[in-house]
Every structure is written in C-alpha cells, then in structure tokens.
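Trainee: Could you walk me through the overall build of this one before I set anything up?

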There are 2 protein chains.
Amino acid sequence: MTISEIAKLANVSIGTVDRVLHKRGRVAPNTVEKVMSIIEEHGYQPNTYARNLKLSRQFTIGVLLPLLHSEYGYWNLMYEGILKAAKELSPLAVTIDMLEFDRTKEGSLLAQGRRILEKSVDALLLAPVVPAEAKTLLADHPTLDYAFVDSPLPDTIPVCSVIQNPYQGGYLAGRMLHLLQPNGGTLLAVQTHRAAYNSSERVRGFLSYFADKPAYKTYDMEIHFAGQNPLGDLDVFYRNHPDMSGIFVVNDAIHRVAGLVVQLGRKSQTVMIGYDAIAQNCKAMKNKQVDCLLSQRPEFQGYTAIYQLYRKGLLNQLPETTICVPIDIILPENLMVEGETYLKP
Amino acid sequence: MTISEIAKLANVSIGTVDRVLHKRGRVAPNTVEKVMSIIEEHGYQPNTYARNLKLSRQFTIGVLLPLLHSEYGYWNLMYEGILKAAKELSPLAVTIDMLEFDRTKEGSLLAQGRRILEKSVDALLLAPVVPAEAKTLLADHPTLDYAFVDSPLPDTIPVCSVIQNPYQGGYLAGRMLHLLQPNGGTLLAVQTHRAAYNSSERVRGFLSYFADKPAYKTYDMEIHFAGQNPLGDLDVFYRNHPDMSGIFVVNDAIHRVAGLVVQLGRKSQTVMIGYDAIAQNCKAMKNKQVDCLLSQRPEFQGYTAIYQLYRKGLLNQLPETTICVPIDIILPENLMVEGETYLKP
DNA sequence: TGCATTTGCGTTTACGTTAACGCATAGTAT
DNA sequence: ATACTATGCGTTAACGTAAACGCAAATGCA
C-alpha cells in the first residue's frame, strides 16, 4: 500500500494524501475524512526506504556520558556498545556525537549537555547520574527524544530507559557471597567514589540479604584511592575484625580493592565479589583475586539505547519504555575473555 | 559521495559507474580503472535507502526449527526472539517464513528444508540439530546465506553461528551444584530425549567438574517421559543411593524431573539444577522446586541470527561469524519474570 | 466592483540507485 | 558488400515519499 494507491482509491492526488498524512492543512474536511478512512481500512505503513531517501538526513544521536576514564572502565564498556551500534547503523545514516562530563564537578553535565544540544542533534543518549542537572537540561528541550542508560530519571518521559535494579543486585551479591562463604564471619560492603544512587542501593540490598543471618556481621565502608591511605584503612579494619570473610565492592573498583587485600595477605580468608566485567576485573578473576562478578551489561545498555533511539527516530517505532537488564553472575567457570570463543576443552 | 559525483569526477555517466560497481561488463579497461581509483580514493558507500528502494524487494528469511512444542519451550523461546527481530525489521521489508521439522524423524529436516528453499527465500536460519541432513540441504544450495543457532555445523561457512559452549555449561553446572550442595553425596546428570550433541557435552562437562572431588559420586541417566515409568526409575535410583544430594538436568525438562522428585518426597535432600528459563522452569524456581537454572539465551540467539542475516543481505555488512553466548546463571534472586520490571522492594 | 488573500487541490522535482534501453562504432561471418 | 554481433558508453524510467510550486476558485476587505 503506497501513497499513490491511496490517492487512486480516494480520487485525489498524492499531494493531497501527503498533506493529510502530515497534517499540513489546506485540505477540505470531507477529503481528509475520505483519505483517513481508506488509510485505516488498508493499514498504510510508509516505506522506510523511500521516506529516508527523500529526507536524506544524517540522523545524529548525541551521547552524554561521564568521563570514560573517571572510573575503571565501566563507562568505557558502555561506550563500546554505543560504538558497535553506531557502526552497524552507519549505512542507515546514523551517527553519534559524544561529549563527556565530569560527574564530580557541579554544572558539568548541564554545560556539556547544552554544548551538545546546540549542535542540533536528533536524539540524546544520557546517563542521568546527576539527576537535577539532567532534569534541567531536558526541561529546556521539550521536543527532544532521549534515552537513559545506567539509571532512570523520575518525572521524565524518555523514549527508553535501559537500567538494572541495583537493590536486587546487592541482594544477589549477598546470596553469592553466602554461597561462596558459608561459614559466617564479618562482611564488608565497599563504596569507592562519592555516593551514587546505584551504589547506595546495592549496599542496601546487600545488607538486607544478611539482615536475618546472625552468623554474619556486615559493615559498610568507603575507600578512596585518590590521595588517601586506603591500604592503611583496610588494614585497620582487618585488625579490628579478625573474622573478616568477605568483601563486596559495589562497583568496578573491585580489582583495586582485591589488590589491597592481596597486599595485606588476607585473600585466603576473604571472598571477593564485585561489579562489572571490565578487563582489569576479568584479569583479577583469572588470577583468583576476585571470586565473583556481577554485571549490568554496560555494552548491552549502550548498544540497546542507541538502537531504540534509532527505531524511534527513523523507523517511527514505539519501543518498550523500560528495558530491565538481567543481573549476570560471572564466576571463573563462565568468564568470557576477549578473543576466546567456544573453546572445547 | 554518490554515484553521480563519482561519474562527474571520472567524466563518465552514472550508467558506466554502475556497470563498474556491479561488474556488469561492457566498460573499457582504463575506464574501469579510472572509476575504481576514484571510488577507492573517496571511499564510496552505496546509500542503503536508495538501494533498497530501487530494488523494492521483500527480504524473506526462511526459518527451520525443530517442532516448537516437541520439548518444553526452548525452541519456542528461540522463536519468540526471531519474531521480535522480524517485527522490528518489518519496516525494512524483512519477513520470515518458518517451517518446523521433527528431529526424531529421519529425513524430516531435509524434507522441510527443501520445502522452504523451494519458495526462494533470501536467507536461511537453521538449527542444525540433525547434522548430516543439514549438510546435505546446504550442499544443494551453494549460494544461499545461512546462519546457525543452538549449535554449530562443522565444514560449512555460515554467515554466522550463534552458539554456546555446552561442555563449559555442564562444567559450570557442576560448580553451581557444588556451591549449592557443599556436603558431597551422589549426583545425577539426567538426559531426557535422544542424545543430542549439546546434551551429551553438558554431561561430559558436568562429570569432569566432579572428577577430582571424591566427596561426590556422579551418575548419568536417561529419563523418558513418553510411555514409560520415569517415576519408578527415579524411585529405584533414590533407593539404591540414599545419599542422593543433587540432580542436573541437561535441558529444559528440569521442571518435569523436579515434579517427580517432589512426588517422591525427595526435594529436601536434592539440589535441582537445570537448563533454560522457560516459563515452567521459572515457575518451578519460584515454587522452590528448582534451585538454579543455566540459560543459553535462546531468544537472544534467534534474535541475533535474524539480525545478522539481515545485515548481510540488506546492509551488505560482514558480521562476526561466531557469536558465543555467555552462560547465564539464574538463581531465585535474579530471576526475571515476564511483566515484572525493576520493582524496588 | 476591484484587488488581495486564502483555500483546496494537482503537478512536479528531487532523493540515489538500478537496470533496461538506445546508439554509435568496430569487428566478424556469410 | 551486407548483415550480423560485440563493445563502450550515455540516457532514461522507475522505486515511494516529501515538499515546493502553481493554479484555479472562493473569500475577505476596501
């Protein structure tokens, strides 16, 4: 069913049908009705190829992420997924335009966001880790299509949010630590950077898992690697709690913490569990410094968000608004390392 | 960079450029060279929209899967992924044409395969679970683009194989069973239908995990639900092995086996681990009849294979030839049930 | 009444690619 | 010599959509 077939059936020209379809006015009310009824009856779907050929536009998706190297590779994995999607979609005239912001600096998200929106992007992919600034930014551009990764932003209407439940992740970390360390003891939940929503929720879930298990005592601690004495802090904790038996790091810094634990000679008594299968963490797992990783599939998040924006913008599809990423459990037995595929032992 | 720009630069017509691009002959050798050098220099990429508009073809992907209801939903999940991809790609003129075959009947794959290829599909998605017949089928159509799901097929050149390492899956099942049942005892690996490659490899991996763990004795058994006495067989096994402490079912029939175990009143002594997050298995996990599931993401496999065939056929991209699906570990704490998304406790 | 604007509609061009067609010129066979 | 065919190239008509343009007729305002 094409526009000209509709035109023939309605005894009007294709120009009239086009005006009806795009609500460009200058059509008599009863003509509109006639055309609309034919469209509804026959279920017209515009031809995507013809449509995009005619418009012949580059569809540019702005990408606004925290500094890729501000943490240890989590955001970089997300960026890899974004790049993969962009590469696949390049023959469909989709390009990305990326800017980073410093989540520790007030106003950085907002400023960088404004910079990228000045360039008139067609859609925006955003990690709303500074909620207030993200809201301000989006409020200034009410017609913009945007998608979230990493975490949701309440009171906004995104095309799509690709997220994971951090409370559940913390709870699952508790279960895994319980399985890996059935003997009880003192457990420590570690945060490394300034409290973020996902991090604190994970701690909450983790603590709640052990709330009804008296064989375990749980603590909550912040370790800062920049300009302080993380090794000393951790050493003091071990001396105060000789029955330490497990550590849960709520983010991708687990390999750093594991390094400290090994330096203190405490690995044998400590089960290590953390987040995100970044290269350093995978390596630490191979070296038996880390026992379990949970993953929020950051590559998948970025990849999916780009595709959803493309589907909305170029295919005019209305995708699910919330895509909830399963929590992956990674043990040495199902760790997949770059380049190794399907090796039969 | 368009064809007419190339034509202008080369001082020829667009017809000539087109003949060079498509190697349709009737162009003087030095003209070919001139055009080619300009193309290489400027990096011409054909416009996908214009190309497909002109060709205005339906791209039909044939799908050849085992009877969707022959097992308990594994193939159905794969089909769901295929349908999802097909729905997303429908504005790009991609359609699927599916036929099922009976993997237990000799000649069924081949016959159904021939039926579907008679209809001149543009590409084929195939689960090569009857290797010899799949090879014969593909050998008869040397120019066809095809992709595999579920398992690979040696000595063929598919566009893409979306697979998982079954040996590793069995090994991981061993590790999880070990974690969930640290006390040793007798373990049973169960196959339910006629031995398939994936099933037997999983058993092999499972047994190898416990090979060096004398606290566990492992057995290997076939249970057939059709027309026999599975309950009786399992009962006999329990009586002969009172220290039974775990069962690994290598496929999606874990919920059926779990049902028998519950009937025999043996659940409390038996850790149950199986494959594939089909609805019945998820339900059994919610009811605490199943303790752990591994997943090969069948929806993802089907979804991805369709997309790769589309990318090859319509975008002319050359994707990775092997996509190795990670082995997902599903516990009650990270089980995702249809409809429930991101519920904060 | 006269002129300008608005309304309603048809016509046309363009997007980039493909492939059929046409038309010379050159070479080959009868 | 005539009638072929082969070669090398340009021209053109689609594919379906979008939107500018044009042209009447109807309406507004003096």
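Mentor: What follows concerns a predicted model, and we can take the single chain before the pair.

Trainee: Okay, how many helices and strands are there in chain A?
Mentor: Chain A holds 13 helices and twelve strands.

Trainee: And what is its radius of gyration, next to that of a compact globule?
Mentor: The value for chain A is 26 Å, whereas a compact globule of 345 residues would come out near 20 Å. The C-alpha trace extends over about 85 × 50 × 40 Å when it is taken along the principal axes of the chain.

Trainee: What share of the residues is buried, then?
Mentor: Of the 345 residues in chain A, 55% are buried, and among contacts with a separation of 6 or more, 69% join residues 24 or more positions apart.

Trainee: Switching to the surface, how much does chain A expose?
Mentor: About 15,400 Å² is exposed, with carbon and sulfur atoms supplying 52% of that area.

Trainee: How far apart are the mean positions of the charges?
Mentor: For the 34 positive and 35 negative charges of chain A, the two mean positions lie 4 Å apart.

Trainee: Now the pair: which rotation superposes chain A on chain B?
Mentor: A rotation of 180° does so, with 0.0 Å of shift along its axis and an RMSD of 0.1 Å, and that is therefore the relation of a two-fold axis.

Trainee: Which C-alpha of chain A is nearest the axis?
Mentor: That of A:Tyr49, which sits 2.3 Å from the axis.

Trainee: How much of the contact surface recurs in the other copy?
Mentor: The same surface serves both copies, since 100% of the contact residues of chain A recur in chain B.

How values were computed. Residues numbered from 1 in each chain as written. Chains lettered and ligands numbered in written order. Predicted model: local features only at pLDDT ≥ 70, side-chain atom pairs only at ≥ 80, totals over all residues. Heavy atoms only, no water. Helix = DSSP H or I, 4+ residues; strand = E, 2+ residues; numbered from the N terminus. Rg over C-alpha atoms; globule rule 2.2 N^0.38 Å. Buried < 20%, exposed > 50% of the residue type's maximum accessible area, 1.4 Å probe, protein only. Contact = heavy atoms within 4.5 Å. Areas by Shrake-Rupley, 256 points an atom, 1.4 Å probe, with all protein chains shown as cover. Lys, Arg positive; Asp, Glu negative; His and termini not counted. Charge placed at Lys NZ, Arg CZ, Asp CG, Glu CD. Least-squares fit on C-alpha atoms with pLDDT ≥ 70 in both.
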